[in-house]
Amino acid sequence: MTNVQHRGSVSADLEHRVLRILKVKSPLDSPDLNPTDYINRLFPNEQSLSSLDTVLHKLEAKTDELSVEAERLTGSQSESQTGAAEELDNAKKAIQELFQKIQDIKLKAAQSESMVQEITQDVKSLDYAKRHLTHSVTVLKRLQMLVTAVDQLETMSRNKQYKESAQLLEAVIQLMQHFKSYKGVQQISELSDRITKLQKDLDSCVLREFEHGFQKDGTLTGQTWLLHDACLVATALGEKTKEKIIKRYVDLQLSDYRQIFRNAEEVSQIDNISRRYAWLKRLLKTLDEKHADIFPPQWCVTARVCEQFCNYTRSDMEQVLGASPQPDVKELLHALQLTIEFEAQLTKRYEKLSKIGVDRQFNFTKSISSSFQPYLWVYIDAEDQTLTNMINSYVGSDLNADDDGSMVVLPSSTDLFYFYRETLVQCAKFSTGKPFFDLCQLFAKHLHSYCNVVLLGNVSRNEKSNISAENLRFITVALNTADYCCMTTAQLEEKLKEKVDEGYKEKVSLESVQDSFMSAVSACIDAAVRSIEACCDPHFQEMIQIPWSVLDTVGDQSEYVSHVQEVVKQFATVVGRTVANKRYFRTFGDRFVETFLTKYLVFVFRCKHISEIGAEQMLLDTHALKTLLMDIPLMGAEGTVTVPTSYGKLVSKGISKAETILKTVMTPTDPIDGYVENYIFLIGDSSMTNFSRILELKGVKKPDQGPLLDAFQRRIMQQPNELAENSHLLPAAEYSGNAAPASNLPSAITTSLSTIATSASNFNTNSLPPFARNIQGSPTISSASPTTDGMPFGSGGTSGNRTAGRLNENFRKLVMTGMAFRKDLQERREQQNRRT
C-alpha cells in the first residue's frame, strides 16, 4: 500500500525523465507498460507459443534478480539512517559545548573591563584636571594679550599711528572673539566697552583725516601716506566705515561735475554728451596719477567713481530727453553711439579686477544707454521713412535697370537685404529689446510693401504694355526675385531671433512675408502664362476666319498653327532660360497647358459650321499643337531633359478632349441613329445642351435639330443611369461667345494635375459600333496621336528637323484616317438603304 501511494505521488513526467537519465531501455521498467500489449508482442501468433516456457524462465529470473536488488537497497538504507542519527546527536553536543564557552568568555570580558576601570579611575581624574588647567592658562594668556593690545591701541590712536593701529585693531577684534561667552564677567564686560569706544574714536579720526585731506573740489591737501594708513584702519573697522569714506570721496570728486553739467546749461544737452565723457576721462587720469597710493586696490575706488558718474549721467539724460518732445534722430543716434562706446571702454578697464582679489564685477553695459531706450522710436520712425523712400525708388529703378541677359534677380532685392543687414547690426548695438522687436515688425511691413508695390506692381505694369521678350524676361526675373526674397526672409528671421531678447523670440515671425513672396511667385507664373496667352489670341482669331465649312481638301498644318508655334517657342524659351528654379518652370508648363487648351477649345466652338474635311484639318492642327506643347519642357533647357510623365498625361488629356469633339463633328448625321450612337460612344453624356452645341458646331441649324434631338432623347431613355449628366469635355457655354475666355488660373504654386487620369481617348474597342471598330483598328488612327511621355529629347536644330518630319508623317496618316472614316460611313449608309 505504501509503494502504491509513493508511486502515485510521483508524476509520470518525472518518471519518464528519470528513466531517460538512467538510460533504461527495458519495456518492463516503463511506467506506461500495458501487460496485454506486451504479451501480444511476445506471442503474436500460435506458432510463437512454443517459446512460452523460455519466456517464463526469463521472467522468473528477472523477478529473482529484482528481489535481491530490493533487499540490498533496503539494508543499505537502514544502515544509513542509523549513522545519520548518531551524527546528529554528536552535532547537538558540540553546539552545547560551544555555547558554554561563549558564556564563559563574555563573563571574563566583563570582569576585565571592571578591573581596567578601577585601575584608570585615578588617571582620568588627572587628565580632566590637566585639560582644565591648560584651558585656563590659555584664557589668561589671551586676556593678558588683549589687555596689553588695548592699552597699546589707545596710545597709538592718540598719536595717529594708523598703520600700527590697524594691525593691533585686527588682533584685538580676533582676541575679543574668544571672550564672547565671558561677557557676564565684569572685567571682561568693561574691557569690551573700552574696545567699542576705541573703535568709535578710530572711526571718527579716520573720517576726520579724509575731511582735512581733500578740498571741496576734490584736490588732495593731506599727506598720502597718512591717508593710506587711515584706509588700513578703515579696513580693520569693517565695511561700514569703508563705505562712508568711499561715498564721501566719490561725492567730493563728482561735485564739480554736478556743478558744470546742470540740466539748465547748454553743455548738458544731448549734443554735448561727449564733453561729459571727456571730463570723466580727465578725472580718472588725475586719480590714477595722484590718488592711486591712497586707497587699497581691493577698494576699486575709481570704479565706484565711474559707477556713480554713470548714475548721474543716466538721470540727466532721462531729464534732457524727457524735456524734448521729439529729439533729433541724428543727435540721438550719435549720442547713443558715443555712450555705447564709452560703456564698453569702462567695462574693459575694470574687467580684470578679479585677478587682484576683488569679488565684485563692474559691468557698465547699458548703465547710461538704457536712458535712450524709451526714445528709440524716433530711430524706428526714421528707418520707416527711409525704407518707404527706398521702396518707392525701386519701382522706377527696376523697370529701367540695365539687363544684359545675365541678371538673375532684380538689383533692388539685394540692395534691400543689404540695407536690412546693416540696420540690424546697428540696432542690435543700440538695443535688443522692444526697439529691436519694433524693427523686426518694420522689416516685415516693408517686405510686404516690396512684394506688393515693387514686384507685383511692376509685373502688372509689364502686363499692360505690349508683350515682348524683354517684358516676359522681366516677369521671370521678378519670379526669381520673389523666390530669392522668400529664402532670404527665412534666413533673416533666424538672425532676428538670434539677436532679440529672450522675451521677444517667440513673437518674431516672418512666415506671413514668406507666404506673400510665395504668392508672388505664383502670380508671376500666372502673369507669364497670361502674357503668352495674349500673344496667341490674334492667331486664334485667324483660326476663326478660316472657312472651315467649305474646305474640300486636307493640307499641311494651318497657318495660324505655325504662328502660334512661333510665339510659344519664342516666349517659352525666354521663360525656360531665365527662371532659376526649374521647379517653377514645370509649374509654368502645367498652367500654360491647362489655359492654352481651354482657350483652344473655346475658339474651336467659335468656328461655327465645321465640315467633315474641316474637322480632319483641325485634327491635324490639334496634333501639331500637341507636339508643340510636349516640347515646352525642353525649351530653354541645357543638355538632355526628360519630359515629366505627369506633364505628358496632362497634355494628352487636354488634347483628347479636342480630338474627341472633332471626331464627333466628323460623324455624318445620316443615319440619325448612327450619329447618336457615335456621340454616346465618344462624348458619353446625356446632356441635351452638349448634344445641341455639337450639332451647331457641325452647322446643323436649330430648326433642323428636332429629329436628332428626339432620337438622342429616346436613346438616353434606354440607359437612364448609365450615362453621365455632363462629360465636361466641352468648354463652358459662356466661353463660346465673342468675348475671349477669362483666365481662371490656380493661385497655388504647385498643382495637383500630376494626378490627372490618362487620356480620355483610350477607348475599349469591344464596345464600339462596327464602323467605329474599323476606324479604331486602322493603323492610321492608332498612330495618329503618338505618346511621347517620359521620352528624353535634346535641344537644337535636330529637334526642328524631327518636328517637321513628324508633321509630314502625321499629315499623311490623318488624310488616310479621314478617307477610311468616310469609306466606313458610306458603307454603313448603303447597308441602311438595303435594309429599307
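These are my notebook entries on a few things I looked up in this predicted model.

**Overall picture**

I started with the fold of the protein, and its secondary structure comes to 27 helices and two strands. Then I checked burial: 41% of the 836 residues count as buried. For the surface, I found that the protein exposes about 46,100 Å², and carbon and sulfur atoms supply 52% of that area. I also looked at how contacts spread along the chain. Among those between residues at least 6 apart in sequence, 78% join residues at least 24 apart.

**Cysteines**

Next I went looking for disulfides, and the structure holds zero of them. As a reminder to myself, a disulfide is a covalent bond between the sulfur atoms of two cysteines.

Why is C427 not bonded to C440? The closest cysteine sulfur to that of C427 is the one in C440, and at 7.9 Å it is too far for a bond; the cut-off is 2.5 Å. I noted that C427 is buried, with 1% relative accessibility. C231 is buried as well, at 0% relative accessibility.

**T578**

Where does T578 sit? I placed T578 in helix α18, which covers residues 559-578. Is T578 buried or exposed? With a relative accessible area of 10%, T578 counts as buried, because the cut-off for buried is under 20%.

I then followed the T578 side chain, which reaches the backbone oxygen of V574 at 2.7 Å. Setting aside neighbours within four places in sequence, I found T578 in contact with R473, T476, V477 and N480.

Key:
Residues numbered from 1 in each chain as written. Predicted model: local features only at pLDDT ≥ 70, side-chain atom pairs only at ≥ 80, totals over all residues. Heavy atoms only, no water. Buried < 20%, exposed > 50% of the residue type's maximum accessible area, 1.4 Å probe, protein only. Helix = DSSP H or I, 4+ residues; strand = E, 2+ residues; numbered from the N terminus. Contact = heavy atoms within 4.5 Å. Areas by Shrake-Rupley, 256 points an atom, 1.4 Å probe, with all protein chains shown as cover. Polar contact = N/O pair within 3.5 Å; in protein donor to acceptor, adjacent residues only side chain to side chain.
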